[in-house]
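Biologist: I would like to learn how to read a model like this one, feature by feature. Please show me the structure before we start.

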Amino acid sequence: MFCTNVGTPLDAANVRRAFRQITKNAGIGTDRTPRELRHSFVSIMSDQGVPIETIADLVGHAGTSVTEAVYRHQLKPVITKGATP
């Protein structure tokens, strides 16, 4: 839940506008969305070895399938060919 300075709820357009200003000020452009934070959170937690069940619970998913299929992304490249011991 996001709110204004006086405690009233912000609508989605205001949240996106404020987020664009934050990312602009941070020097990372204005094409990011608050939704991307959710994907990043899931991916980083997974990369750090947090069990998928725990991550799903933290993001409010009833099971792990959506967490795995939609939100979790590979952070480190996986080499499948040409690797030598």
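Modeller: Take one residue to begin with: D57 lies in helix α3, which covers residues 52–58. Keep in mind throughout that this is a predicted model.

Biologist: Is D57 buried or exposed?

Modeller: The call rests on relative accessible area, where over 50% counts as exposed. D57 has 60%, so D57 is exposed.

Biologist: How far is D57 from T67, in sequence and in space?

Modeller: Sequence distance and spatial distance are read separately. D57 and T67 are 10 residues apart in sequence, and their C-alpha atoms are 9.4 Å apart.

Biologist: Where is T67 found?

Modeller: T67 sits in helix α4, residues 65–71. T67 is buried, with a relative accessible area of 0%.

Biologist: Which residues is T67 in contact with, leaving aside its neighbours within four places in sequence?

Modeller: Leaving out neighbours in sequence shows what the fold brings to a residue. For T67, setting aside residues within four places, the contacts are V42, I52, I55, A56, V59, H61 and R72. There is also a polar contact between the side chains of T67 and H61, at 2.5 Å.

Biologist: Which residues make up the largest nonpolar core?

Modeller: A core is read as a set of buried residues joined through their side chains. Here the largest has 5 residues: V42, I52, I55, V59 and Y71. V59 also touches R38, F41, V42 and T67, again not counting residues up to four places away in sequence.

Biologist: What about H39: buried or exposed?

Modeller: The cut-off for buried is under 20% relative accessible area. H39 is at 15%, so H39 is buried. H39 lies in helix α2, residues 34–47.

Biologist: What does H39 touch, not counting residues up to four places away in sequence?

Modeller: With that exclusion, H39 touches V70, Y71 and H73. In addition, a polar atom of the H39 side chain lies 3.5 Å from the backbone oxygen of V70.

Biologist: Which helix does S46 lie in?

Modeller: S46 is in helix α2. Leaving aside neighbours within four places in sequence, S46 is in contact with I55 and R72. S46 and E68 are 22 residues apart in sequence, with 9.5 Å between their C-alpha atoms.

Biologist: How many salt bridges does the count come to?

Modeller: A side-chain nitrogen of Lys or Arg has to be within 4 Å of a carboxyl oxygen of Asp or Glu. By this rule the count comes to 1 salt bridge. The partners are the side chains of D31 and R32, with an N to O distance of 3.6 Å.

Biologist: How exposed are those two partners?

Modeller: D31 is exposed, at a relative accessible area of 61%. R32 is partly exposed, at 37%.

Biologist: Now the whole chain. How many helices and strands are there?

Modeller: The protein chain has 4 helices and 0 strands. Read along the sequence, the pattern is α-α-α-α.

Biologist: What share of the residues counts as buried?

Modeller: Of the 85 residues, 15% count as buried. The accessible surface of the chain comes to about 6,600 Å², and 56% of it belongs to carbon and sulfur atoms. Among contacts with a separation of 6 or more, residues 24 or more positions apart account for 28%.

Biologist: Which elements have the lowest and the highest mean pLDDT?

Modeller: Where pLDDT is low, the predicted coordinates should not be read in detail. Among the elements of this chain, α4 has the lowest mean, 84, and α3 the highest, 92. The chain averages a pLDDT of 84, and 86% of the residues score at least 70.

Technical notes:
Residues are numbered from 1 along each chain as its sequence is written. This is a predicted model: local features need pLDDT of at least 70, side-chain atom pairs count only at pLDDT 80 or more; totals for chains, interfaces and linings use all residues. Side-chain values use heavy atoms; hydrogens and water are left out. Buried means under 20% relative accessible area, exposed over 50%, partly exposed in between (1.4 Å probe, protein chains only). Helices (H or I, at least four residues) and strands (E, at least two) are DSSP runs, numbered from the N terminus. A polar contact is a pair of N or O atoms within 3.5 Å; within protein, one must be able to donate a hydrogen and the other to accept it, and residues adjacent in sequence count only if both atoms are side-chain atoms. Contact means heavy atoms within 4.5 Å. Accessible areas come from the Shrake-Rupley method with a 1.4 Å probe; for residues, only the protein chains shown count as cover. A nonpolar core is a set of buried Ala, Val, Leu, Ile, Met, Phe, Trp, Tyr and Cys residues joined through side-chain atoms within 4.5 Å. pLDDT is the predictor's confidence in each residue, from 0 to 100.
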